[in-house]
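Here are a few exercises to work through with the model open in your viewer. Try each task yourself before you read its solution.

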Amino acid sequence: QVQLLESGGGLVQPGGSLTLSCAASGSRFRIVAMGWYRQAPGKQRELVASILSGGTSNYVDSVKGRFTISRDNAANTVYLQMNSLKPEDTAVYYCNADEFSVLGTRRVYWGQGIQVTVSS
């Protein structure tokens, strides 16, 4: 069973920076993709950024040029460097991991969520 441990959230002023980390432990099989989602009050959860084991990344348009996702495959850890933060970035951020077994069975895991608040 995979456990995702998130860290790095908190309160930051507009224009500031914050880095989120997520470490996946307990995986017996290959974790193909990891990423970050977020959910703001009254809104649906949305994909912020994702990264494949080969390094290919994807971002939601609203964070392009400001956020950078990276991954340490050996440690099964994903990072999200967030720069030029805006109040609209305020949300609970969730780490995500997609695991595939040798038989091709897919399992999706979620972290508990970590609060990011951008405010003066």
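**Exercise 1: the overall fold**

The chain has 0 helices and 11 strands, where helices (H or I, at least four residues) and strands (E, at least two) are DSSP runs, numbered from the N terminus. This is a predicted model, so local features need pLDDT of at least 70 and side-chain atom pairs count only at pLDDT 80 or more, while totals for chains, interfaces and linings use all residues. Residues are numbered from 1 along each chain as its sequence is written, and side-chain values use heavy atoms, with hydrogens and water left out.

*Task.* Work out why the chain counts as being as compact as a globular protein of its length.

*Solution.*
- Start with the order of elements: along the sequence, the pattern reads β-β-β-β-β-β-β-β-β-β-β.
- Next, compare radii: the chain's radius of gyration is 14 Å, close to the 14 Å from the globule rule for 120 residues, so the chain is as compact as a globular protein of that length. The radius is taken over C-alpha atoms, and the rule is 2.2 Å times the number of residues to the power 0.38.
- Then check the box: along the principal axes, the C-alpha atoms fill roughly 50 × 25 × 20 Å.
- Finally, look inside: 40% of the 120 residues are buried, meaning under 20% relative accessible area (exposed is over 50%, partly exposed in between; 1.4 Å probe, protein chains only).

**Exercise 2: the disulfide**

*Task.* Find which cysteines form a disulfide, and where they sit in the chain.

*Solution.*
- Count first: the structure holds 1 disulfide, defined as a pair of cysteine sulfur atoms within 2.5 Å.
- Cys22 and Cys95 are the partners, with their sulfur atoms 1.9 Å apart.
- The link ties together distant parts of the chain, since Cys22 lies in strand E3 and Cys95 in strand E9 (residues 91-100), 73 residues apart.
- For the handedness, take the angle about the S-S bond: at -90 degrees, the link of Cys22 and Cys95 is left-handed.
- As for exposure, Cys22 and Cys95 are both buried.

**Exercise 3: Ser21 and its neighbours**

*Task.* Is Ser21 buried or exposed, and which residues does Ser21 touch?

*Solution.*
- Place Ser21 first: this residue belongs to strand E3 (residues 18-25).
- Ser21 has a relative accessible area of 18%, so Ser21 is buried.
- Leaving out residues up to four places away in sequence, Ser21 touches Leu5, Glu6, Ser7, Trp36, Val78 and Tyr79; contact means heavy atoms within 4.5 Å.
- Now zoom out: among chain contacts between residues at least 6 apart in sequence, 54% join residues at least 24 apart.
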